[in-house]
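Q: I have a chain open on my screen and would like to talk through how it is put together. Can we start with one strand pairing and work outwards?

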Amino acid sequence: MSRRFLELLAREASAVEFEGSIVEARAAGADPTAIEELERAKVEALRVRALLRRRARREAELSALYDTAGDLAALRDLDAVLEAIVHRARQLLATDTAYLTLHDPERGDTYMRVTDGSISAKFRALRLAMGAGLGGLVAQTAVPYATADYFADARFHHKEDIDEAVLEEGLVAILGVPLRLGQRVIGVLFAANRSARPFHQEEVSLLASLAAHAAVAIDNARLLQETRNALEELSSAHRTARAHAEAVERAALAHDRMTSLVLRGGGIEDVAAVVTDVLGGSLVVLDDLGRPIAGPPDDGVPGTGVGELDSGVFEAAQASRALGRTVRRADLRIASVDVGGEPLCTLVLRSDDADERILERAALVCALLLLFRRSVAEAEGRVRGELLDDLIARPDTPGLADRARRLGVDLGAPHVVVVVRHDGQRERALFWASSQAALRHGLAAGRADEVVLLLPGAHAGDLARRVATELSASLGAPATAGASQAGGRSRDVATAYREARRCAEALIALGRAGDGAGAAELGFVGLLIGEERDVPGFVHSVLGPIIDYDARRGTALADTLAAYFGTGASPSRTAEALHIHVNTVTQRLDRVTRLLGAGWAEPERALEIQLALRLHRLGHTAAP
């Protein structure tokens, strides 16, 4: 009988036919032992049959992947390769249709690129917004999704136009996998059926492999295009080189004019005038932060507004500093100079004259002028730093207010002391702080691993967060800022400095490096470290809604909270302590949740609440 099963395996019979031998044996009156033997043989034969089918399917999958890899190696037509991949996906997964969508960066959605087996024109013209429909969800999350019944699946956002197209195509079961290049999703590959059907993990893996090949094909096409572009740029560079000799002499003459201007006391505006006189067009000179320092800001040259440096100009300026020459962006020419890896100035020119050497020499002359200005500013910064050091270490020194007034600082006005802790880069941090102090009519000083600023203002926490954010961005590393409000006297600066320093240390100890805060933003920690401990303010910030509710309604929520924490957070023991029913305790705790918000019983929040409750009770005890 085992031979019969081998014959069935040899001709790839269906699973039903393996039952024939057992039916015949039973009809012939075979004994139970023989029938049991046949059952075991049948089970083993079916296992072998399943293994053979899996191997055959795997061979077909590997063959398809091998063919796809061959297509990529001989890539000539991207459309043909993508069509082959989609067709193989449909064949291997035995689905009614397969299709591929690609991301459109200009419109921010995905569009249908290739289809196989589609019968609906509306479906072939479909576009999917990010997050909309199954395909939009795959594109947004970069995770494969499969649904056995699309219209009954609520895991993704159904949109009317998408559902209409899917319905017109007649699709029910859909599997989609992302096309990824590195961490970026560039499209989605789908296999879909017109009847309900689950998709197994092996099918998901196979479609993902085909999607990886499709992504490679698209990237190869992009690289080929980039290669063609690079070749064209090289050809253009060769043509430019032929005109180089004439440009050198012209640039030397322009450089002599600019040098003569500087020796006679001219400034950056005069240098810019020479450039536009020689080259024509319009020129804007930007400082290290992208702010215009010469040239009219309304010439249509992008990047002339403070903090609004056009991204293309910014990237070109970086490239110019790295290459040491002018970089073109559309009809603009950008030359940028740095010192010690730090940007110093950028010249942005719009002109029909292509003589870039003159622009580069003008950038060097402007850089020298700015370095001179920076030296003067650093000297002023030292004076400001020495004054701030005296205000902190020697607040009783006579004449501090007069020295501050000569620097444009009114110590009688509201000021905030900010202490910033940073990790290294002391000179860069101090330069940034000195620039801010000069711009805002304040003071700045460097002290060991921190910088200190005295800036006009009345909101310590807001100023600390702004300083921490901007200095962290400038350093490329976390800078932690503590702040404190200084009074209207010289000696108040030293007191505010001590509190601001404790705030910075507290932020670091709390794991909030890179953040900024004053004592008021640090909760009970701020209460402990503040020079002037505002106990009522702390109690109200933590328990205000509870206290106000008790006062309006005559309830005892504060007492209930105190008893709840005092009995180890046990509602039953709280009920016994207050001589009320446990349901009443539960209702009061629900009210507390509505007033204080979810999470009030978490350890850190609970500690603040218990401290505030104790201080609140002490306040009542001390009240007359």
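**Sheets, a long strand and some helix packing**

A: In β3, Ala129 is the bridge partner of Asp109. One caution before going on: this is a predicted model.

Q: Which strand pairs with β3, and over how many bridges?
A: Strand β2, residues 109-116, pairs with β3 in the antiparallel sense over three bridges.

Q: What is the strand order of the sheet they sit in?
A: The order is β3-β2-β1-β6-β5-β4, an open sheet of six strands with antiparallel pairing. Its edge strands are β3 (127-129) and β4 (145-147), each of which pairs on one side only. From one strand to the next, the twist averages 25°.

Q: Which strands does helix α4 touch?
A: Helix α4, residues 78-93, packs on that sheet and touches β1 (97-104), β2, β5 (173-181) and β6 (184-193). The helix direction makes about 70° with that of β2.

Q: Next sheet. What's the order in the one with five strands?
A: That open sheet runs β8-β7-β11-β10-β9, and the pairing is antiparallel.

Q: Which strands stand at the edges there, and why is one side of each left without a neighbour?
A: They are β8 (292-294) and β9 (327-329); each has a single partner strand, so one side of each has no neighbour in the sheet. Neighbouring strands of this sheet are turned by 30° against each other on average, direction ignored.

Q: How many bridges between β9 and β10?
A: Three, in the antiparallel sense, with β10 covering residues 332-339. Within β10, Leu332 is the bridge partner of Arg329.

Q: Where does helix α11 pack?
A: Helix α11 (residues 311-323) packs on the sheet and touches β9, β10 and β11. Its direction makes about 55° with that of β10.

Q: And α10, what does that lie across?
A: Helix α10, residues 268-279, lies across β7 (282-286), β8 and β11 (342-350). It runs at about 150° to β7.

Q: Switching to β12. Is that strand mostly covered or mostly open?
A: Covered: eight of the eight residues in β12, which spans 415-422, are buried.

Q: Which residues point which way?
A: His415, Val417, Val419 and Arg421 point one way from β12. Val416, Val418, Val420 and His422 point the other way, and all of these residues are buried.

Q: What does β12 pair with?
A: It pairs with β14 (residues 450-456) in the antiparallel sense over seven bridges. It also pairs with β15 (residues 479-486), antiparallel, over eight bridges. For individual partners, Val420 is bridged to Val451 in β14, and Arg421 is bridged to Thr480 in β15.

Q: Another arginine I noticed is Arg361. Where is that?
A: Arg361 is in helix α12, residues 356-393.

Q: Why is Arg361 called partly exposed?
A: Because its relative accessible area is 22%, and the partly exposed class lies between the 20% and 50% cut-offs.

Q: What is Arg361 in contact with, leaving aside its neighbours within four places in sequence?
A: Ala251, Ala252, His255 and Met258. Met258 is 103 residues from Arg361 along the chain, and their C-alpha atoms are separated by 8.9 Å.

Q: Now the C-terminal stretch. How do α19 and α20 pack?
A: Helix α19 (residues 557-566) and helix α20 (residues 571-578) pack at an angle of about 125°, with their axes 8 Å apart. That angle makes α19 oblique to α20. The crossing of α19 past α20 is right-handed.

Q: Which residues make the contact?
A: Thr560, Ala563 and Tyr564 come from α19, and Pro571, Thr574 and Leu578 from α20. By type, the residues of this contact divide into four nonpolar, two polar and no charged.

Q: What about α20 and α21, at what angle do they cross?
A: Roughly 110°, with the axes coming within 8 Å; α21 spans residues 582-596. The two helices are therefore roughly perpendicular to each other.

Q: Which residues meet there?
A: In α20, Pro571, Ser572, Thr574, Ala575 and Leu578 meet Val582, Val585 and Arg588 in α21. The residues of this contact divide into five nonpolar, two polar and one charged.

Q: Last one, the whole chain. How many helices and strands?
A: There are 22 helices and 16 strands. Buried residues make up 42% of the 624 residues. Among contacts between residues at least 6 apart in sequence, 58% join residues at least 24 apart.

How values were computed: Residues are numbered from 1 along each chain as its sequence is written. This is a predicted model: local features need pLDDT of at least 70, side-chain atom pairs count only at pLDDT 80 or more; totals for chains, interfaces and linings use all residues. Side-chain values use heavy atoms; hydrogens and water are left out. Buried means under 20% relative accessible area, exposed over 50%, partly exposed in between (1.4 Å probe, protein chains only). Helices (H or I, at least four residues) and strands (E, at least two) are DSSP runs, numbered from the N terminus. Two strands pair if DSSP finds at least two bridges between them. Contact means heavy atoms within 4.5 Å. Axes are lines fitted to C-alpha atoms, for helices over the stretch in contact, and angles run from 0 to 180 degrees between N-to-C directions. Angles under 35 degrees count as roughly parallel, over 145 as roughly antiparallel, 65 to 115 as roughly perpendicular and the rest as oblique. A crossing is left-handed if the near helix is turned anticlockwise from the far one by less than a right angle, and right-handed if clockwise. Ala, Val, Leu, Ile, Met, Phe, Trp, Tyr, Cys and Pro count as nonpolar, Asp, Glu, Lys and Arg as charged, and the others, Gly among them, as polar.
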